[in-house]
Amino acid sequence: MIYTVTLNPAIDYVVELEEFIPGNIHRSKNDLKYPGGKGINVSRVLQRLGEQSTALGFVGGFTGQYIKESLEKENIQTDFVQVEEDTRINVKIRGGEESEINGTSPGVSREDVEALYQKLDVLTQEDELILAGSVPSSLPHSIYLDIMERVRNKGVRVCLDTSGEALGEALKGRPYFVKPNHLELAELYEVEVNSVEDAAVYGRKLLEDFDIEHVVISMAGEGAVYINKSQTLHASVPKQKAVNSVGAGDSLVAGFAAGIAERLDPAQVLNQAVASGSATAFSETFCTKKEVEELSQKITIRSLESEETNQA
Ligand SMILES: Nc1ncnc2c1ncn2[C@@H]1O[C@H](COP(=O)(O)OP(=O)(O)O)[C@@H](O)[C@H]1O
Ligand SMILES: O=P(O)(O)OC[C@H]1O[C@](O)(COP(=O)(O)O)[C@@H](O)[C@@H]1O
């Protein structure tokens, strides 16, 4: 079974405008509301890919109730810890360039964290645990590391997608799979990552520094770079207008986790991951299985090893 943990869920409220002008009153052309937060997005895409998961994390108030009910309507199993304050609302403005206003998180107490730990105690070596998204301000940056310590002896495969200080801390727990985007990788090593080649160099450093099994560096329209002990691969995606960047990274993580669960080989896993990310970027909301399957025929995977050897 795949378990996703979203410490900081959100209702994503996407507003489409002709143009966003600060200080003006705007009327939206179209708006969408859906349950969000990174782990929840991963669960929703897994469901579309035909893979069962259980969504864990903290939800509260009427917004939390909406998230729980929406997921259950989509036949996604949930086992959230209930907190007192309302789950946040994140506003995404599509008007020319995309702008985002992510809300403040509800308070999460020590008892709430303990309740989450108890839910994690049932996991076994058959399970994948996806830890994704930001950490609420009431929790320490080390929370992902603490969760990994808690499941360490169970042989659970932990997938990590977070950023900033939470990423830096969590890497010490040696996750099985990590997916920073190229900017998060650059921030981690205080360098510039401007090309596929830079991503391959610093992605391998990440793999070796933290003894990680699989690293994927996502690069938006430039696809993604995959690194394991013996291979470095680049997946390129067809040039097409992206209409939605919200959830593309989460879709990539879902495609990757599903590929691991299906025991595909690395190139196939990468193909499915990138096809899922790009199919979401090319559609108004999340990808469907049909879109992923169609796009996966158009993804090109090449090995970067020979190029690395030539450059050495
Ligand atoms: N403009 C785009 N064109 C095609 N694919 C995209 C585009 N933006 C995102 N994607 C797909 O989604 C994946 C994740 O996107 P990225 O923006 O790197 O992640 P994040 O949302 O975590 O920052 C990419 O690897 C790619 O497959
Ligand atoms: O937990 P964070 O980092 O605040 O991010 C939450 C936001 O990110 C999203 O999960 C989208 O993430 P990606 O675009 O990186 O896939 C939204 O659903 C949500 O509003």
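The exercises below, each with a worked solution, concern a predicted model of a protein chain with ligands.

**Exercise 1. Describe how the chain is divided into domains and how the domains meet.**

Step 1. The division gives domain 1, residues 1-20 + 31-175, and domain 2, residues 178-312.

Step 2. Their C-alpha centres are separated by 21 Å. Domain 1 puts 29 residues into the contact and domain 2 puts in 28.

Step 3. On the side of domain 1 that touches domain 2, at least two residues come from each of strand 2, strand 3 (30-36), helix 1, strand 9 (128-132), strand 10 (157-161) and helix 5 (164-170). Helix 1 has the largest share of that side, seven residues.

Step 4. Sorted by class, this side of domain 1 holds 15 nonpolar, four polar and ten charged residues.

**Exercise 2. Compare the UniProt domain span with the model.**

Step 1. The UniProt record, an unreviewed entry, lists residues 11-283 as "domain: Carbohydrate kinase PfkB".

Step 2. In the model, the C-alpha atoms at the two ends of residues 11-283 lie 19 Å apart. Helix makes up 38% of the span and strand 24%.

**Exercise 3. Locate ligand 2 relative to the domains and characterise its shell.**

Step 1. The shell around ligand 2 has 17 residues, and the closest are Gly36, Asn90, Gly133, Ser134 and Gly249.

Step 2. Strand 2 (10-16), helix 1 (38-48) and helix 8 (248-261) are the elements that give two or more residues to this shell. Helix 8 provides the largest share, three residues.

Step 3. The shell around ligand 2 consists of three nonpolar, eleven polar and three charged residues.

Step 4. Both domain 1 and domain 2 give residues to the shell, so ligand 2 lies between them.

**Exercise 4. Characterise the shell around ligand 1 in the way used for ligand 2.**

Step 1. Around ligand 1 there are 17 residues, of which Ser218, Ala242, Ala248, Gly249 and Gly277 come nearest.

Step 2. Helix 8 and helix 9 (266-281) are the elements that give two or more residues to the shell around ligand 1. The largest share, four residues, comes from helix 9.

Step 3. By class, the shell around ligand 1 has nine nonpolar residues, eight polar residues and no charged ones.

Step 4. Gly249 can now be placed in both lists: it is among the closest residues to ligand 2 and among the nearest to ligand 1.

**Exercise 5. Decide whether helix 1 is enclosed or open, and describe what follows it.**

Step 1. The buried residues of helix 1 are Lys38, Gly39, Ile40, Asn41, Val42, Ser43, Arg44, Val45, Leu46, Gln47 and Arg48.

Step 2. That is eleven of the eleven residues of helix 1, so the helix is largely enclosed by the rest of the structure.

Step 3. After helix 1 comes glycine 50, with a positive phi near 90°.

**Exercise 6. Describe the largest nonpolar core and one residue with many contacts in it.**

Step 1. The largest nonpolar core has 86 residues, and Ile130, Ala224 and Ala257 have the most contacts inside it.

Step 2. Helix 8 gives the most to this core, nine residues. Domain 1 and domain 2 each contribute at least three residues to this core.

Step 3. Take alanine 257. Apart from neighbours within four places in sequence, alanine 257 contacts Ile2, Val42, Leu46, Glu128, Ile130 and Cys159.

Step 4. Val42 and Leu46 in that list are also among the buried residues of helix 1.

**Exercise 7. Classify valine 81 and asparagine 244 as buried, partly exposed or exposed, and give their surroundings.**

Step 1. Valine 81 is in strand 6 (residues 81-83). It counts as buried because it has 21 C-beta neighbours inside 10 Å, and the cut-off for buried is 20 or more.

Step 2. Beyond four places in sequence, valine 81 touches Phe58, Asp112, Ala115 and Leu116. Serine 163, 82 residues away along the chain, has its C-alpha atom 23 Å from that of valine 81.

Step 3. Asparagine 244 sits in the loop between strand 14 (232-236) and helix 8. Asparagine 244 has 19 C-beta neighbours inside 10 Å and therefore counts as partly exposed.

Step 4. Leaving out residues up to four places away, asparagine 244 touches Thr280, Ala281, Ser283, Glu284 and Thr285. Asparagine 244 and methionine 1, 243 residues apart in sequence, are 29 Å apart from C-alpha to C-alpha.

Definitions and conventions: Residues numbered from 1 in each chain as written. Chains lettered and ligands numbered in written order. Predicted model: local features only at pLDDT ≥ 70, side-chain atom pairs only at ≥ 80, totals over all residues. Near = placed C-beta within 6 Å. Nonpolar A, V, L, I, M, F, W, Y, C, P; charged D, E, K, R; others polar. Domains from an automatic or database assignment. Contact = placed C-beta atoms within 7 Å. UniProt positions renumbered as here; feature names shortened; annotations may be inferred. Buried ≥ 20, exposed ≤ 12 C-beta atoms within 10 Å, placed from the backbone. Core = buried A, V, L, I, M, F, W, Y, C linked by C-beta atoms within 7 Å.
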